[in-house]
Amino acid sequence: MRTDSTAAAVLPAPLKHKPVKKTTKLKSVLSKKKTIIRDISWLSFNARVLQEAADTTVPLYERIRFLGIFSNNLDEFFRVRVATLKRMVAFGRSARMHLEENPELILEEIQATVISQQQEFDRIWKEIEEELKNEHIFIRTEKHLNREQQKFVQNYFNDHVRTNIIPLMIESIPNLPYLRDKSIYLAVVLAKEDNSVRQTYALIEIPTTVLPRFLILPSKEGEHDIMLMEDVIRFNLPHVFSYFGYDKFSSSIIKVTRDAELDIDNDIATSLIHQLEKGIKARRKGKPVRFIYDNQIDPYLLEFLIRRLGLSRKDNLLPGGRIHNFKDFMDFPEEVFTRERMRRKTLIHPLFQNVPSVMSVLREQDVMLHTPYHSFDTIIDLLRESAMDPQVTTIKITAYRLARNSRIINALINAVRNGKQVVVVLELRARFDEEANLKWKERLEEEGVKVLYGVPGMKVHAKICVIKKRTGNSTVQYGFVSTGNLNERTAKVYGDHCLLTSDRGILADINRIFRYLESPRHDEKILQQCKTLLVSPHNMRKSFIRMIDREIRNAGNKKAAGITLKMNSLSDEIMIDKLYEAARAGVDVKLIIRGICCAYTSNKKWKKDIEAISIVDEYLEHARVFVFHNGGQEKVFIASSDWMVRNLDHRVEAAAEIVDPVIRQELIEILNIQLLSNVKVRILDNEQRNAYKHSPGRKVRAQLEIFKYLHDKTYN
């Protein structure tokens, strides 16, 4: 069984997979650029995800999940980045951006890389299928059911599926209905065995939004048989089309990926809410940027669909295998595996163990939570405590991405019901969460929460909170600055840092940010008053540049100089150029980059090459941490922002310097563990080869070592 929507490039031994050879034209373009093309670097990141799926030391269930993550990543890449490049080609030179001067060549490279990745994906999936069989787990198709299973599938279809599908007889419809992004469709050819009637075509949307993709079938003892929803429908096609008398059916899965950018106009008379609702509707009908189909599809049906969708052979038409939307395999049924996954128990931070009040701890000292090693429940406990405390008057918080059943929201609603003033800055333009956040907006406003929608022209990406509490004649404040979203679901797998504090300087600046967000004109002079936090778009970029310049001067004066940066993405050319300048001067520059890294890491003209690694493991490395040697008095920051143009210039972001010596050293030691690790670590080089890091001595797996470090750590 082959797949469609996935693949990997640039994999090191032992995967025996060669990098895609770049075209002569693209090589010429790359030789003139000071940075690596962003989209090429992104594809290299997704190849690292696929490496995890290929790694036979990874538990089988997790390997399947990595295939799903890879596929989901690639879908988003096409919906956003490929769609953007296609727009740039259509608009001509006037639309060229600083990292995409040659969108046509980049699209060619993307196409070649994705095809190569798909081949690697298919190889890995075949290997995993064999391993599933060794575990007595079988994926059954409509052609491989025993009598008991046939009856079970027919009953399941009648009870659950039939009313959730409406076949489209597409030849009789004047205008082909828009095929939904994120959905897969069964394209069916209906015919008669005796050829007495002309064959016709139909489409059936697979209802995975309301039903699970996987159906566990009655199985022999010691075995587990699983069937995909599309195969449940395939088995029942004679019943679906019983009205028409057809007795011969062939079917193939197809999928359309659409431009996901929100086309929101600049009509200032239109409210943001109406613009978003309009944009979300437009997204559902966005221009196709990729069409994937089973390579066994009926050729006449394929030509018919390409013509009706308005596609051409120049578009991303990708033949694949039987399975599409592999992203659903992130939810592959775990219960069929006899060997349970080894789960490390989440730690309660020692300072919060056996204490009745989070605020009572913060009154004495700052605390840094490191999720998912530390429990995210402490943050929820802080908000719940604030909601119930009669002396708390106000809670202000930003929200970017929330869990589906958010306990954060529940705590804030309870706070309003207890008479608190609650202000939530809800980022309605959080990509792919716009619809969910619009629903949260309605719910919060119904309960009496004051909801702010951010700033025109920029997103609010800062993760901040302030809680005001009256004690006698004075006001005491608590709050936090975080690198991650307030989402208890993703906090179980995203590696982030959250500084819980009662520091007056930090909380004064958080109040200034909220005052800026609440002011009708969003006067940036308010942000200019911030004295402790670094804030985008006001001073974050220039502050970090000043710190890099200090290291360059120190290196020039023969003093120790070093910069260690951890983030998700590094693509801002100005910041990259400053790092090149530091390398030329002899500064020790070390990078831990999970995703996009557009910086070259070696150059003959530099005194010291840049050391750059990427860690892809069980947890998603999501934190942003910046360390500057500063003559031995290290300056350490956590932030919500990566070093991308959008984060530094076009979003509201916050970075906090860590002044508590214990917490500062804690962060430095965690970074050192990651820099010294040699398991699950890839070297980021000029060629984007993703070679695994090998070093002598004992094996160090960063995420395991960090857990041990935090588990054993004691506090006074």
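## The five-stranded sheet

In this predicted model, an open sheet is formed by 5 strands in the order 3-2-6-7-8, with mixed pairing; strands here are DSSP runs of E with at least two residues, helices are DSSP runs of H or I with at least four residues, and both are numbered from the N terminus. Two strands are said to pair if DSSP finds at least two bridges between them. At the edges stand strand 3 (200-205) and strand 8, each of which pairs on one side only, and from one strand to the next the twist averages 25 degrees. Such angles run from 0 to 180 degrees between N-to-C directions, the axes being lines fitted to C-alpha atoms, for helices over the stretch in contact.

Within this sheet, strand 2 (residues 184-191) and strand 6 (residues 248-258) pair in the antiparallel sense over 8 bridges, and V189 has S250 in strand 6 as its bridge partner. Helix 3 lies across strand 6 and strand 7 (288-294), and runs at about 135 degrees to strand 7. In the loop between helix 5 and strand 2 is K182, which has a positive phi of about 75 degrees although it is not a glycine. K182 is partly exposed, with a relative accessible area of 41%; partly exposed covers the range between buried, under 20% relative accessible area, and exposed, over 50% (1.4 Å probe, protein chains only).

## The three-stranded sheet

Another open sheet has 3 strands in the order 1-5-4, again with mixed pairing. Strand 1 (137-140) and strand 4 (214-217) stand at its edges with a single partner strand each, so one side of each is left without a neighbour in the sheet. The twist from one strand to the next averages 30 degrees. Helix 5 (residues 147-161) packs on the sheet and touches strand 4 and strand 5, with its direction making about 140 degrees with that of strand 4; contact means heavy atoms within 4.5 Å.

Strand 4 and strand 5 (residues 224-228) pair in the antiparallel sense over 4 bridges. Opposite I226 in strand 5 stands I216, while L215 stands opposite M227 in strand 5. The hairpin of these two strands has 6 residues between them, and there G222 takes a positive phi near 85 degrees.

## Nonpolar cores

The largest nonpolar core has 88 residues, and those with the most contacts inside it are F332, F544, L570 and W643; such a core is a set of buried Ala, Val, Leu, Ile, Met, Phe, Trp, Tyr and Cys residues joined through side-chain atoms within 4.5 Å. Helix 3 (residues 60-91) gives the most to this core, with 13 residues. Apart from this core lies another, of 52 residues, with Y516, A654, I663 and F707 among them.

Leaving aside residues up to four places away in sequence, W643 touches F544, I548, L565, M567, S569, L570, S571, D572, M575, L579, F626 and L648.

## Loops and cis peptide bonds

H349 is placed in the loop between strand 8 (317-320) and helix 10 (358-362), and counts as buried at 1% relative accessibility. Not counting residues up to four places away in sequence, H349 touches V367, M368, L369, H374 and Y715.

A cis peptide bond with omega of about 5 degrees joins T371 and P372, and P372 lies in the loop between strand 9 (367-371) and helix 11 (377-388). A cis peptide bond also joins S536 and P537, with omega about 5 degrees; P537 is in the loop between strand 17 (534-536) and helix 15 (540-556). N630, in the loop between strand 22 (624-628) and strand 23 (635-639), has a positive phi of about 55 degrees although it is not a glycine, and N630 is buried, with a relative accessible area of 17%.

## Cysteines

The count of disulfides comes to 0, where a disulfide is a pair of cysteine sulfur atoms within 2.5 Å. C598 is in no disulfide, the nearest cysteine sulfur being that of C597, 7.1 Å away. C598 is buried, with a relative accessible area of 0%, and C530 is buried too, at 9%.

## The chain as a whole

The chain has 19 helices and 25 strands, and buried residues make up 59% of its 716 residues. Among contacts between residues at least 6 apart in sequence, 75% join residues at least 24 apart.

## Basis of the values

Residues are numbered from 1 along each chain as its sequence is written, and side-chain values use heavy atoms, with hydrogens and water left out. In this predicted model local features need pLDDT of at least 70 and side-chain atom pairs count only at pLDDT 80 or more, whereas totals for chains, interfaces and linings use all residues.
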